[in-house]
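User: Could you walk me through one part of this protein in detail? I would like a close look at a single strand and what surrounds that strand.

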Amino acid sequence: MGEKNRQIGHYSSSQKILLVGEGDFSFSACLAQAFCSAANMVATTLESEDTLRTEHWSSEAHLEELERRGCLVLYEVDVYEMHQHPTLMCMKFDIIIFNFPHAGHYSWLCERDDELIQMHRDLLKAFFKSARGMLSQGGEVHVSHRDDYPYDQWKLKELAEKAGLVLKEKVWFEKSNYPGYHNKRGGGIQSNKKFPLNECYTFKFSLKHETSHELKPACNQTTSTLSDDISDALNSMNLK
């Protein structure tokens, strides 16, 4: 008999899941605990390992949990070009999760300023473009995001459509569905501090036209599972 399929929220242990822009990795750790394994997951952050442990000191226990359950954790993964990351470039995912994306905090800018709104839009535009080529057939991109002003000015649906993705579903984000998850500010200013969620939703996007001729770097075409890919990546990292 195969392993039991375990679920939490919108996610299951049978899905190949990529998480990007993780703060203290509490969301990844929550999924791993629910699945009793993280062999189906790759969790990433923009920060270096040293910076992460300094700015998100609460991440240590979560990283230990992920390592214990077999998750591949990658540092310094930029969503602008994650499809070209040497470890990720040959992987395909059923779900790509970006919770509460943010382009950073600046002392001279507030969330209502057009300049910062445009920075957020540029970030998401690049993310959608990069993510679309990393989806398996029938895969989805999930972005959890505040949908009140001024965050609604980011125009997620419009940006996704320009990248060839369509809004499949928009559902209320209920933090209590993910025990142990703590949403963190990030961005270099009070990074480990929580922020109010208010009116939040998970936007689920899928490819506008399913196609098998997405431009991808040349990869080994032999069939493998994500757990095989993760195992190979972990072995490669351990050899360095």
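Analyst: Happy to help; here is a tour of strand 3 and its surroundings.

A word on the basis first: this is a predicted model, in which local features need pLDDT of at least 70 and side-chain atom pairs count only at pLDDT 80 or more, while totals for chains, interfaces and linings use all residues. Residues are numbered from 1 along each chain as its sequence is written, and side-chain values use heavy atoms, with hydrogens and water left out.

**The strand in its sheet**

Strand 3 covers residues 17-20. Helices (H or I, at least four residues) and strands (E, at least two) are DSSP runs, numbered from the N terminus. Strand 3 belongs to an open sheet of 7 strands with mixed pairing, in the order 5-4-3-6-7-9-8. Strand 5 and strand 8 (165-172) are at the edges with a single partner strand each, so one side of each has no neighbour in the sheet. Direction ignored, neighbouring strands here are turned by 20 degrees against each other on average.

Two strands count as paired if DSSP finds at least two bridges between them. With strand 4 (residues 41-44), strand 3 pairs in the parallel sense over 3 bridges; here Leu18 stands opposite Val42, and Leu19 stands opposite Ala43. With strand 6, strand 3 also runs parallel, joined by 4 bridges, and in this pairing Leu18 stands opposite Ile96.

**Its two faces**

In a regular strand the side chains alternate between the two faces of the sheet. Strand 3 has Ile17 and Leu19 on one side and Leu18 and Val20 on the other, and all of these are buried (under 20% relative accessible area; exposed is over 50% and partly exposed in between, with a 1.4 Å probe and protein chains only).

**The helix over the strand**

Helix 1 (residues 26-35) joins strand 3 and strand 4 in a right-handed β-α-β unit; right-handed means that, with the strands pointing away from the viewer, the path from the first strand over the helix to the second runs clockwise. Helix 1 lies across strand 3, strand 4 and strand 6, at about 165 degrees to strand 4. Axes are lines fitted to C-alpha atoms, for helices over the stretch in contact, and angles run from 0 to 180 degrees between N-to-C directions.

Because 8 of its 10 residues are buried, helix 1 is largely enclosed by the rest of the structure. Among these buried residues are Phe27, Cys30, Leu31 and Phe35. The buried residues of helix 1 pack against strand 3, strand 4 and strand 6, and also against strand 1 (7-8), strand 2 (11-12) and helix 3. Just after helix 1, Cys36 takes a positive phi of about 65 degrees.

**The cores**

A nonpolar core is a set of buried Ala, Val, Leu, Ile, Met, Phe, Trp, Tyr and Cys residues joined through side-chain atoms within 4.5 Å. The largest has 36 residues, with Met82, Leu88, Phe127 and Phe128 having the most contacts inside it. Strand 3 is one of the elements that each supply at least two residues to this core, while helix 4 gives the most, with 6 residues. Leu88 touches Leu18 as well as Val42, Leu74, Val77, Met82, Phe93 and Met134, not counting residues up to four places away in sequence; contact means heavy atoms within 4.5 Å. A second, separate core of 26 residues includes Cys30, Ala38, Met41 and Phe173.
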